[in-house]
Amino acid sequence: MVIAIGFEGSANKLGIGIIKDGAVLANCRRTYITPPGAGFLPKETAQHHRENVLAVLKEALDESKIDVKDMDVVCYTKGPGMGAPLACVAVVARTVAQIWNKPLLGVNHCIGHIEMGRLITGAKNPTILYVSGGNTQVIAFSRKRYRIVGETIDIAVGNCLDRFARILKLSNSPSPGYNIEQLAKKGKKCATLPYCVKGMDVSFSGILTYMEERANMLMSEGYTKEDLCFSLQEHVFAMLVETSERALAHCNSDEMLLVGGVGCNERLQEMMKIMCEERGAKVFATDERYCIDNGLMIAHAGAEMFKSGTKMKWEDCTIMQRYRTDVVETSWRNEDDLL
């Protein structure tokens, strides 16, 4: 039996979760929300995390009803992410690990998403589409690592959607991507936009620039905000489904797992389901409790690392803003998983 606590703060979500052998005991979160038309900057985001982290920690401990002496391991997001928020939350994790006299493990944020997705959905060895505000990757497991078989060559799909929401001055509550999704459901006309797939990789900077320069012109031609949101979603999600389908074929896989904040978009899930059904595959996805950044995924991935014997020296418990998914050896997974 392993009880783990996880601290997440790589972007504007501050999350603390507690898990006991795969059972969710607490999943508490606070989101830093900026005014419409504005993004979130590292300094202000870190300040938000500092002001809220102790309250969220108390909330998680109260909700879980776990005594800290029964905690086995403290886990935190090592990276990737924004430097100041990462460092802020890592300091808290280091502090409580010392106070409680518990081992400390730094977890790769992307792998936290993957392992949480596998736990909640029951997917065994899926091809993975990881889509969020800061990351866009198509991933497959091979030889003890999660291999990136395709990715964005510029900005992430979530960043593309968020920045388009700023053009339309959409609210950042609960998130700009969610508000785009709701408007897109009412869209009736699909504008022709740039579509950029390069082999297994995708590019979103061109379509974003196109929308930045022509959004007002398109609305003067009769396209509504709802139409533009619908058009953007259809194009960027089609790019993701195309590269995901090639990955499924290449890996001879019959499971597709969506993880990351954009992964809870219902239209993306619908498009992926259609593709998977045509290939005789199955799509796995979760809702916003587990797709959107949370401390629970860090706790679960850290617990898996801990159970497999992974240890970190104190001096290695730092942060890495650029921490690639494929540099982590998955000591907790076996090649038998492929069978």
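This is a dialogue on reading the fold of a predicted model.

Trainee: Where do I start, and how many helices and strands does the protein chain have?

Mentor: Start with the inventory of elements, then the overall dimensions. The protein chain has 10 helices and 12 strands. Its C-alpha trace spans about 65 × 45 × 30 Å along the principal axes.

Trainee: What does the radius of gyration say about the protein chain?

Mentor: Compare the value with the one a rule gives for a globule of that length. Here the radius of gyration is 20 Å, close to the 20 Å from the globule rule for 339 residues, so the protein chain is as compact as a globular protein of that length. Of the 339 residues, 53% are buried. The exposed surface comes to about 14,400 Å², and carbon and sulfur atoms supply 50% of that area.

Trainee: Among contacts between residues at least 6 apart in sequence, what share join residues at least 24 apart?

Mentor: That share is 78% in the protein chain.

Trainee: Next, the sheets. In what order do the strands β1 to β5 stand?

Mentor: Read a sheet from one edge to the other, then check the sense of pairing. These five strands form an open sheet in the order β3-β2-β1-β4-β5, with mixed pairing. At the edges are β3 (23-31) and β5 (104-108); each has a single partner strand, so one side of each has no neighbour in the sheet. From one strand to the next the twist averages 20°.

Trainee: Which sense of pairing joins β1 and β2, parallel or antiparallel?

Mentor: Strand β1 (residues 3-8) pairs with strand β2 (residues 13-20) in the antiparallel sense, over six bridges. One pair to find in the viewer is Phe7 with its bridge partner in β2, Ile16.

Trainee: Which helices pack on that sheet, and which strands do they touch?

Mentor: For a helix on a sheet, list the strands under it and then give an angle between directions. Helix α1 (residues 42-64) lies across β1, β2 and β3, and runs at about 155° to β3. Helix α10 (residues 295-307) also packs on the sheet, where it touches β1, β2, β3, β4 (73-79) and β5. The direction of α10 makes about 130° with that of β1.

Trainee: What is the strand order in the sheet that contains β6?

Mentor: That open sheet has five strands in the order β8-β7-β6-β11-β12, and its pairing is mixed. Its edge strands, β8 (145-151) and β12 (282-284), each pair on one side only. Ignoring direction, neighbouring strands are turned by 25° against each other on average. As a detail, β11 and β12 run parallel and are joined by three bridges; Leu257 stands opposite Phe284 in β12. Helix α7 lies across β6, β7 (136-142), β8 and β11, at about 155° to β6.

Trainee: How many residues has the largest nonpolar core, and which have the most contacts inside it?

Mentor: To read a core, take its size, then its best-connected members, then the elements that supply it. This one has 43 residues, and Phe164, Phe204 and Met272 have the most contacts inside it. Elements that each supply at least two of its residues include β6 (127-131), α4 (157-167), α5 (176-184) and α8 (266-279). The largest share, 10 residues, comes from α7. Another core, of 32 residues, lies apart from it; Ile139, Tyr146, Met297 and Ala303 are among its members.

Trainee: Which residues does Phe204 touch, leaving out those up to four places away in sequence?

Mentor: Among them are Thr136, Asp154, Ile155, Cys160, Val236, Met239 and Leu240.

Key. Residues numbered from 1 in each chain as written. Predicted model: local features only at pLDDT ≥ 70, side-chain atom pairs only at ≥ 80, totals over all residues. Heavy atoms only, no water. Core = buried A, V, L, I, M, F, W, Y, C linked by side-chain atoms within 4.5 Å. Buried < 20%, exposed > 50% of the residue type's maximum accessible area, 1.4 Å probe, protein only. Helix = DSSP H or I, 4+ residues; strand = E, 2+ residues; numbered from the N terminus. Contact = heavy atoms within 4.5 Å. Pairing = 2+ DSSP bridges. Axes fitted to C-alpha atoms, helices over the stretch in contact; angles between N-to-C directions. Rg over C-alpha atoms; globule rule 2.2 N^0.38 Å. Areas by Shrake-Rupley, 256 points an atom, 1.4 Å probe, with all protein chains shown as cover.
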